[in-house]
Amino acid sequence: MEIGDSGFSATGLRRVREVLTRYVESGRIPGLVALVSRGDQTHAVAIGTMRHDGGAPMRRDTIFRMASTSKPVSVAAAMVLLDECRLRLDDPVDPWLPELAGRRVLKRIDGPLDDTVPARRPITVRDVLTSTFGLGMDMTSLGTPIMNAVFEQGLTPNLPVPMPEQDEWMRRLGALPLMYQPGQRWQYHISSDLLGVLVSRVTGQPFEEFLRERIFDPLGMTDTGFHVPAEKIDRLPALYAPDPRTGEFLVWDEAKGGRWSEPPAFQGGGGGLVSTVDDYHAYFRMLLNGGTHQGKRILSRPAVELMTTNRLTPEQNAARTAMAVDNVHISHGQGQHGGWGFGMAVRTYRGDYAPVGQFGWDGGSGTAAYADPANQLTGLLLTQVGASTPDSMQLVHDFWTTLYQAIDD
């Protein structure tokens, strides 16, 4: 990281690099790539190796599994459709997702799947975009019949069996009751995967094809997609899920022959993308620029503002707030953002070094991407160490702490 006229201090940027290097030299993180930008200045660094036991060095063009850091990018496809009036926020989704028509809702979250009441209203596009359509990952409800059914039906990634193609995925989703009434409560993840199906059905195109035409290609995101082609597979590190008890590095996914080496049956907007720091930097700078990239309009300014500002009422957000406050020992401090826009977290209070207005998200594979309008700052930190231990999430925290103390103007 070299200092220019960028509003960063040379001492501060050195400290960023020293903290990142410390994690790698300690053996907790095999390798990482980080990129920070402010205004017209960009600084990138690659530290360590692609594998825990050595091997090729990390490079700036290393390709990473973005996990949930896919969410802030994949949601842009829906914003294009809103801009073009091919979707409206309060349209029911039934015409495109008939499997979700006539919903039933559990009387109680831990009740049997057939103890239900009718949904008070149809699910809308807004419900899907805000993650409030009524079904999602709920870490406070593990072991309940509904969460067991979500896992048994293969509706989420990271299970031993890959998710089915989208029509079968929808059939399985439609066979389950909702956990909450549409619009009642924020719930994690499943809405982001559902969004990809919605975009695909509205456009008549595979989700990735539409993303590529309208977002990836215009931004020059040439290494972003839902799998890594054979000619690039050497740029993909192994993904590790360290043993929570011993810290032993266990390979969760190999590069060659792994889950991302072939096109998936399901193109998951919630966690399926692979990308690089420069591709993601182009995307987040576009958001900071109000929807434009190198003079080209990608999204309207109002679309970007909707995505990157809080869209939840206190009632919808109550469960998220409780998770952040009461489960900080499990989440390693993640989730202290306050709000949620479309597909990403939004800072609504000053809980740490980041100011109100910062937006972005983290991924369980050890990835993080945020932008900060107040400081015109973008930060990306990519590893391939899963959050089965605190190490990768603590690295994300320390990265942001040192990055904010490096600001000097």
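V202 is a residue of helix 7, where helices are DSSP runs of H or I with at least four residues and strands are DSSP runs of E with at least two, both numbered from the N terminus. The model is predicted, and local features need pLDDT of at least 70, side-chain atom pairs count only at pLDDT 80 or more, and totals for chains, interfaces and linings use all residues. Residues are numbered from 1 along each chain as its sequence is written, and side-chain values use heavy atoms, with hydrogens and water left out.

V202 counts as buried at 17% relative accessibility; buried means under 20% relative accessible area, exposed over 50%, and partly exposed in between, with a 1.4 Å probe and protein chains only. Not counting residues up to four places away in sequence, V202 touches L81, R86, L87 and W96, contact being heavy atoms within 4.5 Å. Between V202 and L81 there are 8.5 Å from C-alpha to C-alpha, although the two are 121 residues apart in sequence.

L81 also takes part in a helix pairing, in which A76, A77, V80 and L81 of helix 3 meet F207, F210, L211, R214 and I215 of helix 8. The residues of this contact divide into 8 nonpolar, no polar and 1 charged. Here Ala, Val, Leu, Ile, Met, Phe, Trp, Tyr, Cys and Pro count as nonpolar, Asp, Glu, Lys and Arg as charged, and the others, Gly among them, as polar. Helix 3 (residues 76–83) and helix 8 (residues 207–219) pack at an angle of about 70°, with axes 9 Å apart. Helix 3 is therefore roughly perpendicular to helix 8, a term for angles of 65 to 115 degrees.

T130 lies in the loop between helix 4 (125–129) and helix 5 (145–152), and at 5% relative accessibility T130 counts as buried. A polar atom of the T130 side chain lies 3.5 Å from the backbone oxygen of D127. Leaving aside neighbours within four places in sequence, T130 is in contact with W186, R311, L312, W340, G341 and F342.

Most residues other than glycine have a negative phi. Two residues with a positive phi are set out below.

| Residue | Phi | Loop | Relative accessible area |
|---|---|---|---|
| H189 | about 80° | between helix 6 (166–174) and helix 7 (190–203) | 7%, buried |
| Q294 | about 50° | between strand 10 (292–293) and strand 11 (296–297) | 70%, exposed |

Neither H189 nor Q294 is a glycine.

Technical notes. A polar contact is a pair of N or O atoms within 3.5 Å; within protein, one must be able to donate a hydrogen and the other to accept it, and residues adjacent in sequence count only if both atoms are side-chain atoms. Axes are lines fitted to C-alpha atoms, for helices over the stretch in contact, and angles run from 0 to 180 degrees between N-to-C directions. Angles under 35 degrees count as roughly parallel, over 145 as roughly antiparallel, 65 to 115 as roughly perpendicular and the rest as oblique.
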